[in-house]
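Please describe the strands, sheets and salt bridges of this protein. A short report for use at the bench would be enough.

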Amino acid sequence: MKGDEAANEEVQVVVFAPFGRDASVLKRIAEDHGMAAVAIEDLTELAHAIGNEAFVLVLTEESLRGEMIEVLRDGLRRQPVWASMPTLLLLDEVDRPSETLSLIRSLEPAIDCLIMQRPARGGEIGSALRRLVRDRQRQWQVRDQIIRYEEQQVHLKFLLRELDHRVKNVLAKVRAIISLTSRQATDLSTFVTSFSDRIQALSRAHEALAGDYHEPATLRQLVQESLAPFLDQTASNATITGPRILLWPQGALSLSMMLHELATNAAKYGAFSVGTGHVDVRWSVAEEDDARLLTLDWNESGGPELGPIERRGFGTLVIDRIAAQEMDGRVKMDFARTGLHVTAIIPLPPADSIRAAL
């Protein structure tokens, strides 16, 4: 929520003046000055109102007695850190030191109290209430800044983890490329040439990740770019099957990130980590109630036998996050002993809208 939105939130004036006509008079004054107001006589209702942050409290001196004090103290203890309860206190017309003043001062700074002595004119009370409303709205702006800061900190921590994960992935890819190239090269010159080609393919894949995919892209191109650094000389360690699907820019980026996570995992632990491994990637599109659903299957075989998975790694978290948050889809992962099997089901925009966006 932005600060200007906080400033437009409705603040309710809550009047607790259980004696005489004070409650109805104060409620009418607030309403005459354009504020929503409610008069409360029951302490249970008052406790509920204090628990709701959208209020300005109006008290008369004679209301601050007995159980009311405990309700007020309890409400102050439960306030969030950004809040200071905005309160208008109307004192009796008595020219003597007031125990009420001492009580209110003992509650500061948890209470933001504006004190007026009766009799007070309606205009003066209305002006005081408007000031307290503005104070509450400024508190909401502080609240919103705290929320945004906390959200940014959570996002920053995730980005730092993801950066660390990406760097480790790049190193893992380079190690896998070295291993794959050394198994196939017959001499140093062949090794250098093949290794250089694969590093360039890896670079192109990362450029694709960093870019916005403003040019039309197909799913086949994305799969080929993601797997290119790990393919053997005849590309026999991977199979790519599926119809032509034109991708929209954000979808291309998100799918590319997911495919790179899967390819890196295969290079670290799965089918691409050994010469006998094979990765089969296939996809299909189904029409359901005027919607299109892409089903993408990633199947590994011939790699190291997988042991029990005690916990899901960060790469798995990234894949889940990409599918759910960025593409509104879902992913199922099966860590079978014979190899990893992944099925991603992702809604596709209408084909006409994809062409229009490119």
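Glu 31 and Lys 27 lie four residues apart in helix H2 (residues 22–32), so about one helical turn separates them. Their side chains form a salt bridge, with the closest N and O atoms 2.6 Å apart. Glu 31 has a relative accessible area of 38% and is therefore partly exposed. Lys 27 also counts as partly exposed, because its relative accessibility is 26%. The model in which these values were computed is a predicted one.

**Salt bridges**

The structure holds nine salt bridges. Three of them, including the pair in H2, are listed here.

| Salt bridge | Closest N to O distance |
|---|---|
| Glu 31 – Lys 27 | 2.6 Å |
| Arg 118 – Glu 62 | 3.0 Å |
| Asp 144 – Arg 143 | 3.0 Å |

The side chains of Arg 118 and Glu 62 meet in a salt bridge. This pair links distant parts of the chain, 56 residues apart: Arg 118 sits in the loop between E5 and helix H6 (122–184), and Glu 62 in the loop between E3 and H4. The relative accessible area of Glu 62 is 18%; buried means under 20%, so Glu 62 is buried. Asp 144 forms a salt bridge with Arg 143, and both residues of that pair are buried. Through salt bridges that share partners, Asp 22, Glu 62 and Arg 118 are joined into one network.

**Strand E4 and its partners**

How many of the seven residues of strand E4 are buried? Seven of the seven residues (85–91) are, so the strand is largely enclosed by the rest of the structure. Met 85, Thr 87, Leu 89 and Leu 91 point one way from E4. Pro 86, Leu 88 and Leu 90 point the other way, and the residues of both groups are all buried.

E4 pairs in the parallel sense with strand E3 (residues 55–60), over four bridges. Within this pairing, Leu 59 stands opposite Leu 89 of E4. Helix H4 (residues 67–77) joins E3 and E4 in making a right-handed β-α-β unit. E4 also pairs with strand E5 (residues 111–117), again in the parallel sense, over seven bridges. Thr 87 has Cys 113 in E5 as its bridge partner.

Strands of a sheet pair through backbone hydrogen bonds, and the pairing is either parallel or antiparallel.

**The five-strand sheet**

An open sheet of five strands follows the order E7-E9-E10-E12-E11, and its pairing is mixed. Strand E7 (238–241) and strand E11 (330–336) stand at the edges. Each of these two has a single partner strand, so one side of each is left without a neighbour in the sheet. On average, neighbouring strands of this sheet are turned by 10 degrees against each other, direction ignored.

At one edge, E11 and strand E12 (residues 339–348) run antiparallel and are joined by seven bridges. Ala 336 has Gly 339 in E12 as its bridge partner.

Which helix lies across E7, strand E9 (278–288) and strand E10 (291–301)? Helix H8 (residues 219–227) does, running at about 170 degrees to E7.

Notes:
Residues numbered from 1 in each chain as written. Predicted model: local features only at pLDDT ≥ 70, side-chain atom pairs only at ≥ 80, totals over all residues. Heavy atoms only, no water. Buried < 20%, exposed > 50% of the residue type's maximum accessible area, 1.4 Å probe, protein only. Pairing = 2+ DSSP bridges. Right-handed = clockwise from strand over helix to strand, strands pointing away. Axes fitted to C-alpha atoms, helices over the stretch in contact; angles between N-to-C directions. Contact = heavy atoms within 4.5 Å. Salt bridge = Lys/Arg side-chain N within 4 Å of Asp/Glu carboxyl O.
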